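Me: I would like a careful look at one part of this model, taken from a single residue outwards to the spaces, core and strands that can be described for the chain.

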Amino acid sequence: MKLIRIHPADNVAVALEDLLQGEALAVDGRQLTAAQAVQRGHKIALAPIPAGTPIVKYGCAIGLAREDIAPGQWVHVHNVRTGLSENGEYVYRHKTYDLPQVAPRTFRGFRRPGGKAGIRNELWIIPTVGCVNNIAQQLVRENWHLVSGSVEGLYAFPHPFGCSQMGDDHAQTRKLLSALVRHPNAGGVLVLGLGCENLTMDQFKAELGEWDGNRVKFLVCQDETDEIAAGSALLKQLAGYAASFRREDIPASELVVGMKCGGSDGLSGITANPTVGRFSDRLIALGGSTVLTEVPEMFGAESILFERCADEAVFDKAVEMIELFKRYFTSHGQVVYENPSPGNKAGGITTLEDKSCGCVQKGGSAQIADVLGYGEAVTRKGLNLLSGPGNDLVSATALTAAGAHLILFTTGRGTPFGAPAPTVKISTNTALFEKKRGWIDFNAGTVAQGESLDSAGERLLDYVLSVASGEQTNAERRGAREISIFKDGVVL
């Protein structure tokens, strides 16, 4: 099979492999001849598409024809334009879909005091300000010997913020970092400050709320004669506490999994993203939770999500999330549809609607239980939407802060980064999986080769439970762990 028509209403098909000019093709009983060479992941017209009429993929309009397009022609940025604008009107039309039946599953995790579970038992160093990044990294280098027994790692998360910020940016940095401190994958956390920054340690403690003094320690470097000796002593105490935890059987219902895509291609919405959607439905059927973010990559496909909001209150929060992000764009003089990226276009994605319709496939068919603000944590079981941008590092950090134990990251082009939470890279195509074995953890390209989405989703569930039980991702093996914090305003 060289072409796939995703939905019966589609007037384009997607090439599953490179096509030659003049090549005879067949899809759903239609006979075509390729008018041009078409790369894998790109679209080809199945019927005449007059200028100004919709290009339909996933059963949705993904843009408008710039000119008349004949059957067999390549359909891409040269002959398609977006149909999006900054304005949108939304009506709540509730739909529900059945979830699959899934037998109870467990993973081997760490039970924390208070009842939460973690899938890693690590020591984390969280700088409150960028000025102490080097000290945090030196503490990691000089104290790696503390990693032994059930203590699985020692990591610092440098960033450039925590000072010279005002208003919302200052609040977002404080909120995001305190959320990371609370993350259950960390058995012990050292919060590291300088002493003169405007994110003071007192502010940070107030944001953090209640904490366990055995699990969280604080160090202000300007107060110490030797901050490395003082920090090392605190890390030793934290390691002793973290060493008391052991893996045990925990129901899969306690897992929280973030979902993200980046370096997408024309197969993302056909293979990897719907595979993640099948996984999401299965985890939710088990009583677990998933989190979908990248609000700008919901533009043009938001109605697909809105109709699955559990009630009107959730619908109202979802609409507000979309509208606030549109205002964020327009307040900076930017159009909401300034997407996809050059790499996306090279991979076959033509418009933001095209990208968004593929992106939301990760959300499966479950009801949307809640809508979270940036830095907020999951409190309701099921599918959650999280306010955040499309940027890979920023959104993956936000997913971790929301409480995601691990993150599923689909990609058609590959990327080596890792979030603080284990980051599973899922390839849209087998060629990428074979080329980048050191980056890619799971191949969903098999769907384009005949594997059913249900089979791939079940296979992904098995793999996620293995990672939750301690199997390392490629990013973890390489030590790739980074954070990035969303900012909007003035730097003093």
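Is Gly 347 buried or exposed, and what is its relative accessible area?

Reply: The model is predicted, so local features are given at pLDDT of at least 70 and side-chain atom pairs at pLDDT 80 or more, while totals for chains, interfaces and linings use all residues. Residues are numbered from 1 along each chain as its sequence is written, and side-chain values use heavy atoms, with hydrogens and water left out.

Gly 347 is buried, with a relative accessible area of 7%; here buried means under 20% relative accessible area, exposed means over 50%, and partly exposed lies in between, for a 1.4 Å probe and protein chains only. This glycine sits in the loop between helix H8 (342-346) and helix H9, where helices (H or I, at least four residues) and strands (E, at least two) are DSSP runs numbered from the N terminus. Leaving aside neighbours within four places in sequence, Gly 347 is in contact (heavy atoms within 4.5 Å) with Arg 40, Gly 41, His 42, Asp 265, Gly 266 and Arg 413. Pro 389 is 42 residues away from Gly 347 along the chain, and the C-alpha atoms of the two are separated by 21 Å.

H9, which follows this loop, leads to the enclosed space of the model: H9 (residues 352-359) gives the most to the lining of the largest cavity, with four residues. On a 1 Å grid over the protein atoms alone, a cavity is a set of points where a 1.4 Å probe fits but cannot get out, a pocket is an open set with protein on both sides within 12 Å along at least five of seven lines, and lining residues have an atom within 4 Å of a point. By this rule there is one cavity of 30 Å³ or more, and the largest has a volume of about 70 Å³, a volume being the space filled by probe spheres set on grid points that are joined across faces, edges and corners. Its lining has 13 residues, with Ser 268, Ile 349, Lys 355, Gly 358 and Cys 359 nearest the centre. By class, the lining of the largest cavity holds four nonpolar, five polar and four charged residues; Ala, Val, Leu, Ile, Met, Phe, Trp, Tyr, Cys and Pro count as nonpolar, Asp, Glu, Lys and Arg as charged, and the others, Gly among them, as polar.

Turning to the pockets, the largest has a volume of about 680 Å³ and is lined by 29 residues, of which Ile 6, Pro 274, Arg 278, Gln 361 and Leu 453 lie nearest its centre. Its lining comprises 14 nonpolar, ten polar and five charged residues, and helix H5 (residues 272-285) gives the most to it, with four residues. The second largest pocket holds about 540 Å³ of space; of the 21 residues that line it, Gln 172, Leu 324, Gly 373, Tyr 374 and Ser 387 are the closest to its centre. Helix H2 (167-181), helix H7 and strand S19 (368-372) are the elements that give two or more residues to this lining, and H7 gives the most, with six residues.

H7 also matters for the packing count. The largest nonpolar core (a set of buried Ala, Val, Leu, Ile, Met, Phe, Trp, Tyr and Cys residues joined through side-chain atoms within 4.5 Å) has 105 residues, and those with the most contacts inside it are Ile 55, Leu 177, Phe 299, Leu 385, Leu 408 and Ile 426. Helix H7 (residues 312-331) gives the most to this core, with eight residues. Another core, of 24 residues, lies apart from it, with Leu 146, Leu 192, Leu 194 and Ala 230 among its members.

Ile 55, one of those core residues, also takes part in strand pairing, where two strands pair if DSSP finds at least two bridges between them. Strand S6 (residues 54-57) and strand S7 (residues 60-65) pair in the antiparallel sense over four bridges, and the bridge partner of Ile 55 in S7 is Gly 63. Two residues lie between the strands of this hairpin, in which Tyr 58 takes a positive phi near 60 degrees. S7 pairs in the antiparallel sense with strand S9 (residues 80-81) as well, over two bridges, with Arg 81 as the bridge partner of Leu 64.
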